[in-house]
Amino acid sequence: MDFYGKKNLWKFILFMFAVLIGAATLWYTESFLDELRDQEVIKVKQFGLAMSNIILAENNSNIIFEQEFIQSNNTIPIIIVNEGGGVVMSRNVDLQKSKDPKWLANKMAEMEAEFTPIEIKVSEEITQYLYYQNSILLTKLRYYPFVLLGVISLFIIIAYIAFSNARKSEQNQVWNGLAKETAHQIGTPLSSLMGWMELLRAKETEQVMVEEMEKDINRLNTITDRFSKIGSKPSISNQDIVAITEESVSYLKARSPRKVEVIFNAEEAGTSALSVKLNKPLYEWVIENLVRNAIDALEGAGKIEVRISDMGKRVKIEVEDNGKGIPVNKQKTIFRPGFTTKSRGWGLGLSLAKRIIEEYHGGKIFVAQSDPGRATIFRILLDKET
């Protein structure tokens with residue numbers, strides 16, 4: 001299963017699922033609050049009726065129930081005013097603030113925005129008005145689902161970050177162990193090959209053949225050195241990036257298919273040398289990965305150009321080929337571990353290249369341009385020596 005290829009799709013599906021859960025929670029809570037709100041409106045109307053009964057009751061009337069009902073309201077804010085705006089009675093509001101006419105007017109306007117005031121007929125000539133709003137409990141319940149979803153979201157984010165970091169750490173340990181083991185395994189036959197080289201020299205074998213074999217052995221030494229550096233902080237020193245890049249390209253050019261033209265161009269650098277803080281074996285590994293990928297993209301015939309430009313504070317290195325190109329939706333995915341278009345590939349080359357450039361050298365590597373069937377440009381940006 002192409003997990004990395006479908007990673008964004010799975011993220012989108014999980015995000016939409018979370019949105020649906022959140023929407024369902026809010027809908028259910030809102031329905032529940034609507035029922036509570038309707039019950040409170042009924043209760044407030046009964047409160048107004050009880051007040052009216054108390055006011056209109058005769059001296060010998062039994063109004064104990066009405067009085068107890070009014071006293072039982074400990075949550076719904078209520079203000080009763082006369083026709084002149086004077087406060088007759090209030091419940092569950094700040095008594096000190098209610099003495100401030102400005103605060104009282106704002107509070108009544110706030111209540112009226114929520115519910116239409118209820119008229120209380122004291123007599124045929126006198127009418128009082130009962131202002132009210134959602135109870136303190138109902139207000140708390142309204143914000144509860146948002147708080148709950150916020151806490152759950154925060155927990156999920158923290159858990160995701162923790163598990164993601166743990167997974168990356170585990171992956172790094174696997175890659176580091178694999179790299180060091182590979183370096184160890186290569187080292188044994190390499191030592192033997194170096195011994196055979198000395199025998200060939202002693203027998204005065206054809207010099208050109210010996211020199212080419214020696215280049216390949218040196219290349220194997222470089223590869224071993226590269227793998228041994230994975231997982232540990234490499235040493236960085238000032239290096240001539242033009243000379244190192246040209247040397248790498250020359251080696252690959254001699255071992256490329258005949259119909260593949262490999263060109264190195266440093267004219268835009270404006271000088272024959274540019275000093276950049278580098279780890280030479282690891283930087284050469286990046287160039288080798290990019291050029292070999294370009295060779296694969298050409299499928300046997302085409303042109304590859306490696307060029308260096310002086311950007312002032314930075315150096316720009318580009319590897320361009322006129323191969324099959326990379327689809328836009330794959331241009332970021334290709335740097336993820338495990339992504340490959342080859343039947344036997346492990347999908348680690350570009351992932352390691354990104355790590356080498358961005359983590360070890362503090363630079364940037366990305367697909368600057370890719371037109372399917374025309375051209376692809378990989379770009380590296382590195383800070384110059386300061």
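Contact here means heavy atoms within 4.5 Å. I fix that before opening the model, which is a predicted one.

**Entry 1: glutamate 114**

I started with glutamate 114, which sits in helix 4. I looked up its partners, leaving aside neighbours within four places in sequence. Glutamate 114 is in contact with Gln133 and Asn134. Next I checked its spacing to tyrosine 131. The two residues are 17 apart along the chain. Their C-alpha atoms are separated by 9.6 Å. Is glutamate 114 exposed, partly exposed or buried? Its relative accessibility is 36%. The partly exposed class runs between 20% and 50%, so glutamate 114 counts as partly exposed.

**Entry 2: the sheet under helix 4**

I then turned to the sheet that helix 4 packs on. Which order do its strands take? The order is 2-1-4-3, in an open sheet of 4 strands with antiparallel pairing. Strand 2 and strand 3 (118-121) are the edge strands, each pairing on one side only. From one strand to the next the twist averages 20°.

I followed one pair in detail. Strand 1 (residues 78-81) and strand 2 run antiparallel and are joined by 4 bridges. Valine 81 stands opposite valine 87 in strand 2. Helix 4 (residues 101-114) touches strand 1, strand 2 and strand 4 (127-132). The direction of helix 4 makes about 110° with that of strand 1.

**Entry 3: positive phi outside glycine**

I looked up two residues with positive phi that are not glycine. Asparagine 92 has phi near 60°. Asparagine 92 lies in the loop between strand 2 (87-91) and helix 3 (95-98). Its relative accessible area is 29%, which makes asparagine 92 partly exposed.

Glutamate 299 is the other entry, with a positive phi of about 55°. Where does glutamate 299 sit? Its place is the loop between helix 8 (280-298) and strand 8. Exposed means over 50% relative accessible area. Glutamate 299 is at 61%, so it counts as exposed.

**Entry 4: the five-stranded sheet**

Strand 8 led me to another sheet. This open sheet has 5 strands in the order 6-8-9-11-10, and its pairing is mixed. Why do strand 6 and strand 10 each have one side without a neighbour in the sheet? Strand 6 (260-265) and strand 10 (364-371) stand at the edges, and each has a single partner strand, so one side of each is left free of a sheet neighbour. The twist averages 15° from one strand to the next.

I walked through the pairings. Strand 6 and strand 8 pair in the parallel sense, over 6 bridges. Glutamate 261 stands opposite lysine 303 in strand 8. Strand 8 and strand 9 pair in the antiparallel sense, over 7 bridges. The bridge partner of aspartate 310 is valine 315 in strand 9. Strand 9 (residues 314-321) and strand 11 (residues 375-383) are antiparallel too, with 8 bridges. Isoleucine 317 stands opposite isoleucine 380 in strand 11.

The hairpin of strand 8 and strand 9 has 3 residues between the strands. Which residue of that hairpin takes a positive phi near 95°? It is glycine 312.

Is strand 8 largely enclosed or open? I applied the cut-off for buried, under 20% relative accessible area. In strand 8 (residues 302-310), 7 of the 9 residues are buried, so the strand is largely enclosed by the rest of the structure.

I also checked for a helix on this sheet. Helix 9 (residues 349-360) lies across strand 10 and strand 11. Helix 9 runs at about 130° to strand 10.

**Entry 5: the second largest pocket**

Last, I looked at open space. How much space lies in the second largest pocket? The volume is about 870 Å³. The lining has 22 residues. Those nearest the centre are Leu14, Phe15, Ala18, Ile156 and Tyr160.

I sorted the lining by element. Helix 1 (7-56) and helix 5 (136-202) each supply at least two residues. Which helix gives the largest share? Helix 1 does, with 11 residues.

I sorted the lining by residue class as well. The split is 15 nonpolar, 4 polar and 3 charged.

Methods:
Residues are numbered from 1 along each chain as its sequence is written. This is a predicted model: local features need pLDDT of at least 70, side-chain atom pairs count only at pLDDT 80 or more; totals for chains, interfaces and linings use all residues. Side-chain values use heavy atoms; hydrogens and water are left out. On a 1 Å grid over the protein atoms alone, a cavity is a set of points where a 1.4 Å probe fits but cannot get out, and a pocket is an open set with protein on both sides within 12 Å along at least five of seven lines; lining residues have an atom within 4 Å of a point. Grid points are joined across faces, edges and corners, and a volume is the space filled by probe spheres set on the points. Ala, Val, Leu, Ile, Met, Phe, Trp, Tyr, Cys and Pro count as nonpolar, Asp, Glu, Lys and Arg as charged, and the others, Gly among them, as polar. Two strands pair if DSSP finds at least two bridges between them. Axes are lines fitted to C-alpha atoms, for helices over the stretch in contact, and angles run from 0 to 180 degrees between N-to-C directions. Buried means under 20% relative accessible area, exposed over 50%, partly exposed in between (1.4 Å probe, protein chains only).
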